[in-house]
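Let's walk through how this protein model is packed inside. Have the sequence and the 3D view ready.

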Amino acid sequence: MNQKRGYLHKNYQLFYLKDQTTKEIEEHYHEFPKIVVFLSGKASYLIEGCNYELEPMDVLLIHQNDIHRPKIDLSLPYERYILWVNPAFLHSYNQNSAELLSCFQTASKNRLHLLRLEDPIRSIFLSHLKALHEELHHKDFGNELMADTLLFQILIQLNRELISKNHAIASYHSDERIQLLIQYIREHLDQPLSIPDLAELIYVSPSYLMHLFRQETGMSLHQYITRKRIQLAGSRLKEGMSATEVCFSCGFQDYSTFSRAFKRIFHTSPGQYGNR
């Protein structure tokens, strides 16, 4: 089953990577938002069933819990920046007129994960990204404050670009039936989601639905539903709900099934996770 990857113990982390030996990465998710800036190479990204073909300087916005996977052609070096951001850190700087997480929320909700910036915005954006990388690797006077300032400029610019929608790429390779199904699943996680009922929703047979879903997303329909229910359960446990309440509010029919699925993904019991 797709797994959580990466642990963020800071307010944010920025990585510059260029390699030609990246191992194949399976579908996974993070408990924090992530920005990928593709610089060079040949790659695409599969995000929640949408496949995005990347061009140099494309910006991908991946919200926490969005299931995704890069598909990399290693005949060329794969060069990129990856920025991880702690959502709690961004929340602490929100203002009524500026919620810094909005760009990730909009991208996830409307399937606008890819931004293709144009000059002069693209040049300014890349300049801020390079400067942020330098500040994080030096100990000059005020480097942490300067880094925070650059991060905020990057996020404000991305929010402005996505709000304007002038440079958001809505086109991607995806089966519209699967996208309809994914949206339905995400909105009805607390209800029964049987394969026959879901197949009827998009007018296909159950066997074809299972084949089509795996083909489009890289995982089984059962895996996807369980993954989304467990993600929702983790959020509700953090909010203080009891493990039993969470179990049935997230669509599980019995606690033992819920507990086993939760342990496979979070490597701890629901009760221990909530207490932690």
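In which sense, left-handed or right-handed, does H3 pass H4?

## The H3–H4 pair

The crossing is left-handed, meaning that the near helix is turned anticlockwise from the far one by less than a right angle. Helices here are DSSP runs of H or I with at least four residues, and strands are E runs of at least two, numbered from the N terminus. H3 and H4 pack at about 155°, with axes 9 Å apart; axes are lines fitted to C-alpha atoms over the stretch in contact, and angles run from 0 to 180 degrees between N-to-C directions. The two helices are therefore roughly antiparallel (angles over 145 degrees).

## Where the model comes from

This is a predicted model, where local features need pLDDT of at least 70 and side-chain atom pairs pLDDT 80 or more, while totals for chains, interfaces and linings use all residues. Residues are numbered from 1 along each chain, and side-chain values use heavy atoms, leaving out hydrogens and water.

## The cores

The largest nonpolar core (buried Ala, Val, Leu, Ile, Met, Phe, Trp, Tyr and Cys joined through side-chain atoms within 4.5 Å) has 33 residues. Buried means under 20% relative accessible area with a 1.4 Å probe, protein chains only. Among the members touching the most others are Ile35, Val37 and Phe125. Strand E4 (34-40) and helix H3 (121-136) are among the elements giving two or more residues, but H4 gives the largest share, 8 residues.

A second, separate core has 18 residues, including Ile178 and Met219.

Note on methods. Buried < 20%, exposed > 50% of the residue type's maximum accessible area, 1.4 Å probe, protein only. Parallel < 35°, antiparallel > 145°, perpendicular 65-115°, else oblique.
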